[in-house]
Amino acid sequence: MVGVMNRLRNLDAYPKINEDFYRRTLSGGVITLASSLVMLILFFSELRLYMHPVTETQLRVDTSRGEKLRINFDVTFPELQCSIISLDSMDISGERHLDVRHDIIKRRLDSHGNVIEAKQDGIGHTKIEKPLQKHGGRLEHNETYCGSCFGAEATDDTCCNSCEEVREAYRKKGWALSDPESIDQCKREGYVQKVKDEEGEGCNVHGFLEVNKVAGNFHFLPGQSFHQSGFQFHDMILFQQGNYNISHKVNRLAFGDFFPGVVNPLDGVQWNQDNQNGAYQYFIKVVPTVYTDVHENTIQSNQFSVTEHFQNAEAGRMQSPPGVFFYYDLSPIKVIFEEQHVEFLHFLTNVCAIVGGIFTVSGIVDSFIYHGQRAIKKKRELGKFN
């Protein structure tokens with residue numbers, strides 16, 4: 001047993017020196033304090049890095065197919081009333097959605113930006129007791145109401161019982177509803193009067209769109225869109241005279257769900273029109289993004305960059321109707337963010353490197369100072385400095 005212990009003692013890589021051979025110096029104490037302070041700072045820095053996850057970024061080609069793109073928006077128009085604003089979307093695949101209303105909420109705003117409570121139905125309506133029937137007579141008590149579509153009927157049995165149904169029938173035919181006052185349903189519902197009553201108000205439009213994951217656009221326009229001979233036209237409200245003020249504020253615009261660190265460059269952007277009719281255009285480059293947190297929860301979303309352009313109506317050269325247009329295109333590159341914790345062995349290796357490295361460097365500095373002082377002292381004793 002004693003022989004084994006002696007062999008182990010011979011393997012000691014850290015031979016001890018008798019304390020009688022130690023010599024402590026002032027410079028050594030200062031270096032020890034400084035190195036200990038640096039060692040503690042680096043240790044806590046490494047500990048903080050170990051305790052908090054780090055985000056790794058990768059770039060890959062986006063190979064996804066057949067997915068949908070969700071567009072969340074919240075836009076305020078301080079000078080356009082809700083009754084004349086329509087939302088359309090279309091993409092390069094040919095899919096079109098005109099006057100989108102599902103998943104969209106409009107809020108009327110006063111001149112100070114406060115939300116106005118909705119008026120009760122019937123206020124400002126023209127008093128017509130008996131609606132006009134499709135056959136030309138007035139509705140009697142024993143009849144079922146079937147309103148005329150004024151030439152836009154798809155079949156002989158088609159009925160248009162409201163102003164909106166007449167406008168929709170006209171839109172499907174590719175016709176413009178130029179004079180709502182000539183339509184019995186619009187006159188009875190006070191459609192024109194309703195728009196006039198909202199003059200001077202603003203509108204907040206918020207909601208979301210589910211579109212194909214291909215290049216396309218969506219836009220806010222005064223009036224209603226319709227197609228004719230393969231071209232898109234807009235049924236402007238003809239009794240609205242003068243220019244349309246398309247001043248607006250983008251409260252929020254996001255392509256997909258929120259994830260930590262995302263920056264949407266259009267949030268809070270505001271543009272004011274200076275007495276000039278035109279179309280304001282945003283050209284957006286959408287970058288597919290995947291975010292995975294430390295718990296392996298994955299969020300499929302997007303980032304985007306944007307440029308802006310205002311197209312005025314000088315000399316009738318404007319190719320688009322007045323409105324706010326968002327043109328988006330998708331990048332073929334996908335960005336992948338992945339949160340990761342530093343492994344414990346990696347943390348332990350870094351701590352050992354910090355301790356060993358600082359101890360070695362401080363020993364070299366102390367040795368240099370100590371031997372330098374001794375050399376200077378010896379030269380002084382030999383009178384070489386005289």
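**Notebook: a pocket and two cores**

I began with the second largest pocket, whose volume comes to about 640 Å³, and I note here that I am working from a predicted model. Looking up its lining, I found 17 residues, of which R23, G28, T32, G363 and D366 are the closest to the centre of the pocket. I then asked which elements give two or more residues to this lining, and they turned out to be α2 (26-51) and α6 (344-381). The largest share comes from α2, which supplies seven residues. When I sorted the residues of the lining by character, I wrote down nine polar, five nonpolar and three charged.

Next I turned to the largest nonpolar core, which holds 36 residues, and I marked F220, L253, I284 and F326 as those with the most contacts inside it. Tracing where this core comes from, I listed the elements that give two or more residues, and these are the strands β2 (68-77), β3 (85-91), β6 (202-212), β7 (216-222), β10 (248-255), β11 (269-271), β12 (278-292) and β14 (323-330). Of these, β2 gives the most, with five residues.

I also wanted to know which residues F220 touches, leaving out those up to four places away in sequence. My list for F220 reads F73, V75, F77, I85, S86, L87, V205, G323, V324 and F326.

Finally, I noted that another core lies apart from this one, made of nine residues, including A152, C163, V166 and C186.

Technical notes:
Residues are numbered from 1 along each chain as its sequence is written. This is a predicted model: local features need pLDDT of at least 70, side-chain atom pairs count only at pLDDT 80 or more; totals for chains, interfaces and linings use all residues. Side-chain values use heavy atoms; hydrogens and water are left out. On a 1 Å grid over the protein atoms alone, a cavity is a set of points where a 1.4 Å probe fits but cannot get out, and a pocket is an open set with protein on both sides within 12 Å along at least five of seven lines; lining residues have an atom within 4 Å of a point. Grid points are joined across faces, edges and corners, and a volume is the space filled by probe spheres set on the points. Helices (H or I, at least four residues) and strands (E, at least two) are DSSP runs, numbered from the N terminus. Ala, Val, Leu, Ile, Met, Phe, Trp, Tyr, Cys and Pro count as nonpolar, Asp, Glu, Lys and Arg as charged, and the others, Gly among them, as polar. A nonpolar core is a set of buried Ala, Val, Leu, Ile, Met, Phe, Trp, Tyr and Cys residues joined through side-chain atoms within 4.5 Å. Buried means under 20% relative accessible area, exposed over 50%, partly exposed in between (1.4 Å probe, protein chains only). Contact means heavy atoms within 4.5 Å.
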